[in-house]
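I opened the notebook with a short list of things to look up. The contacts with the DNA come before the relation between copies.

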Protein chains: 4
Amino acid sequence: MQVNNVEELFEKTLQESELTKKQQAVLSVSLNLFAEQGFDRTSTSEIAKQAGVSEGTVFKQFKTKDGILKALLDPMIEQVVPMAASEFLTEINTSQISDFEGFLTYAIKDRMVFALANRKQLKVFVQEIIRKPEITQGIADKLQRLIAGPMGDLLHQFQVNGQLVDWPVMRIARYIVGTLASYVVPQILMGIDANLDVEQASRDAAHFLVRGLAPEK
Amino acid sequence: MQVNNVEELFEKTLQESELTKKQQAVLSVSLNLFAEQGFDRTSTSEIAKQAGVSEGTVFKQFKTKDGILKALLDPMIEQVVPMAASEFLTEINTSQISDFEGFLTYAIKDRMVFALANRKQLKVFVQEIIRKPEITQGIADKLQRLIAGPMGDLLHQFQVNGQLVDWPVMRIARYIVGTLASYVVPQILMGIDANLDVEQASRDAAHFLVRGLAPEK
Amino acid sequence: MQVNNVEELFEKTLQESELTKKQQAVLSVSLNLFAEQGFDRTSTSEIAKQAGVSEGTVFKQFKTKDGILKALLDPMIEQVVPMAASEFLTEINTSQISDFEGFLTYAIKDRMVFALANRKQLKVFVQEIIRKPEITQGIADKLQRLIAGPMGDLLHQFQVNGQLVDWPVMRIARYIVGTLASYVVPQILMGIDANLDVEQASRDAAHFLVRGLAPEK
Amino acid sequence: MQVNNVEELFEKTLQESELTKKQQAVLSVSLNLFAEQGFDRTSTSEIAKQAGVSEGTVFKQFKTKDGILKALLDPMIEQVVPMAASEFLTEINTSQISDFEGFLTYAIKDRMVFALANRKQLKVFVQEIIRKPEITQGIADKLQRLIAGPMGDLLHQFQVNGQLVDWPVMRIARYIVGTLASYVVPQILMGIDANLDVEQASRDAAHFLVRGLAPEK
DNA sequence: AATGAATGAGAATTCATTCAT
DNA sequence: GATGAATGAATTCTCATTCAT
């Protein structure tokens, strides 16, 4: 997992798609504009102008303005919760991490990298979440199932191990996510400047969590 | 501090204002619509219709659509950071709280109540923050000054007391805010249903933080 | 006839009217605003604000916005053409002016003073003329009747006298009016600064006209 | 120089532009409506309806209502003063007109034709001048420079020749313009009917001016 | 007579979307 | 696939006017 070159990750994914150069430009420009000024405040004509294509071209591939949004968010959404659940967790198991702090450090670093690599998409995504309550509910359900399911099982293992306090999994998950967010959210909202040392930050966060979540005497 | 009746707090404030009934209705309806569907997706004609007034009336008092937003957020914004700094902190000192966990419990409960009482405004406020980067920067600066200033001094006292780990204040503040947010953000995003037990939640959060932030042996 | 204090002439007329102070203020402010920015670009609320009255008051006396315009122009319109025809011309006869240049000097000076005293009203009036073709036609008819009637008779006398070239009265009137306008129009359009020496200007204009309109050898 | 077919001159210019038929219709209709009822009293929806296009189309090309006005006036404005100064005056010199009356006849006829060919635009232009004092000042400055500069030199030649009275150039220019205006302004204000015999009128005007401006004995 | 909140009919302008070329 | 002129519904905002107090 490389922390570098995270910036161009989206561009590479673009180039591997079947889209023409112009359609790629539309997506790329749209992502930047949506992140900067919001979906509603970005007009399709502005997208066309900045992408150097005609107004018609914007709609040729993506049909509607919402279609562009979907094309931007769908690939990422599938990675947020599911990847956390499947690839990510199995990778955990295979690497035989039985150490809670090690697990936390790894998991937090992984999600930090993901968040930074998809900073703009996440910003757009958060906008959408706020705007559409039905989405919010859907996300909440998925999260709850994740915490109750695979993630819960994992945490439960650490509780049985005597490495994790005996609180409800929901409460534990809350603190983990909150701590992760305290590093990631400012990065997403602020923009470029942010030179977050991911290695250090994930170790710090894990350290704090391990202490706060240690079994009570 | 009353946790109940939080819902009608805004309505009461409205009635004490100098606005006519109709203008109050405009503000009240606007807050709900902005929170539900976002500022950009709410048309002034929809506001007028739901408030039972003419379109002209909407603009008579607030001049522009942004004027309505300002009328909704300004009173609250002045309470977010400053109140945390002045009234709130002095109240802490006068009540002679030398106990870190006590301090945390009180502070967290206070901000939770504030957040729940201003749930809708905060939702609208968050939308604005995301939309206008210049605002974000302003908020960030204020926060940093708060943490470096009064809040930092307070935390430093606890460090000297031997009740708080010797990490940079910024890091400590990060975890406190992150933990608080982990309770409050879902409430803000979800809507009414969520019946958070503020007393219990603030005790839980403070307890977790005290363990995570205890001085290292 | 005083050339001085021409500025306050309208204000004095106002004070002699039966209008209340507030209604006078409405008229006075309206005249200035109409002259500066045009009738259409002046809103009744702006009038109210500048006049220091409520929006309702503006309509109490004058019923409609057009009513204000009418109240401003009517008194002046009755002086433009008719006065030229009646009071003015009879005064000429009684003073026994048989000298063409004397007549011209007097007549031009009289109309110059009138124009300068009613500068703002004339500006508003010209705007109206341009806007409403039906008015234009009415004015044109009146003028033509004046020139064919009393003014024509007068000019004809000078032709019989051998002091005026034997051209159609219409043509002669054209040059007289054009020459007068060449002094007055810039004053009306420009504003205050222009300090026209009415005495000198009327003598100059008359002198030029007498030479141009002298009988051909 | 053809006096006939002046009516369709604007239409021809339109067709030679790069505008689509619909955009041409917008301009053409706008010119007529602005001239008839004034800029402020003409709504963009009325323009759209009469031009047989959608409201969106009106703004696609010209961005704003003022943009339409600009598109109508700009081409003409560049001809009013400058052309009088450059093309026009040089043409005078090359044709070796040393006769003052000949010069006047030519110049007046030229400007009459120009005014009649741009009757509607001039009407709209005059509306603008009255409305925007800052424009008025600009025009006045240009005119003054023209009269002080090339036009003044020319007039001075005639004074040296002994063909022109020894008055200040400003005064002479005033009478020339006033006399020209006395023919042209009624045409502009009245509308179509006016069948002005340009040949005859320019000869008449020049003749009158030559007499009024002859050197004093 | 005066007030000023309220009205509602438009006004200019924007914008996602379509479609003939 | 790409273009860009054209669309028309929707949006924010203005303004003359009314009316209860």
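**Contacts with strand F**

I began with D:Thr57: a polar atom of its side chain lies 2.6 Å from a phosphate oxygen of DNA strand F. I count a polar contact as a pair of N or O atoms within 3.5 Å; within protein, one must be able to donate a hydrogen and the other to accept it, and residues adjacent in sequence count only if both atoms are side-chain atoms. This is a predicted model, where local features need pLDDT of at least 70 and side-chain atom pairs count only at pLDDT 80 or more, while totals for chains, interfaces and linings use all residues. Residues are numbered from 1 along each chain as its sequence is written, chains are lettered from A and ligands numbered from 1 in the order written, and side-chain values use heavy atoms, with hydrogens and water left out.

I then looked at D:Ser54, where a backbone N or O atom lies 3.1 Å from a phosphate oxygen of strand F. For a base, I looked up B:Glu55: a polar side-chain atom lies 3.2 Å from a base nitrogen of strand F.

Which residues come nearest to strand F? They are A:Lys22, A:Thr57, C:Thr44, C:Phe59 and D:Thr57, out of 32 around the strand. Near means that a heavy atom of the residue lies within 4 Å of the strand. Of the strand F atoms within 4 Å of the protein, 59% belong to sugar or phosphate, and the rest to bases.

I noted the classes too: four nonpolar, 19 polar and nine charged residues form the surface near strand F. Here Ala, Val, Leu, Ile, Met, Phe, Trp, Tyr, Cys and Pro count as nonpolar, Asp, Glu, Lys and Arg as charged, and the others, Gly among them, as polar. α4(A) gives the largest share of that surface, four residues. Helices are DSSP runs (H or I, at least four residues), numbered from the N terminus.

**Contacts with strand E**

I repeated the search for strand E. It has 32 residues around it, and the closest are A:Thr44, A:Phe59, B:Thr57, C:Thr57 and D:Thr44. Sugar or phosphate holds 61% of the strand E atoms within 4 Å of the protein.

Chain C reaches phosphate oxygens of strand E with polar side-chain atoms: C:Lys22 at 2.7 Å and C:Gln23 at 3.0 Å. A:Glu55 goes to a base instead, with a side-chain N or O atom 3.4 Å from a base oxygen. α4(C) gives the most to this surface, with four residues.

**A look at α3(D)**

α3 (44-51) of chain D supplies at least two residues of the surface near strand E. Which of its residues are buried? I found D:Thr44, D:Ile47, D:Ala48 and D:Ala51 (buried is under 20% relative accessible area, exposed over 50%, partly exposed in between; 1.4 Å probe, protein chains only). They line one face of the helix, because their directions from the axis to the C-beta atoms fall within an arc of 100°. On the other side, D:Lys49 and D:Gln50 are exposed. Just after the helix, D:Gly52 takes a positive phi of about 70°.

**Chains A and B**

Last, I laid chain A on chain B: the RMSD is 0.2 Å, after a turn of 180° and a shift of 0.1 Å along the axis. That is the relation of a two-fold axis. The superposition is by least squares on C-alpha atoms of residues with pLDDT of at least 70 in both copies. In chain A, A:Gly212 has the C-alpha nearest the axis, 1.8 Å from it.
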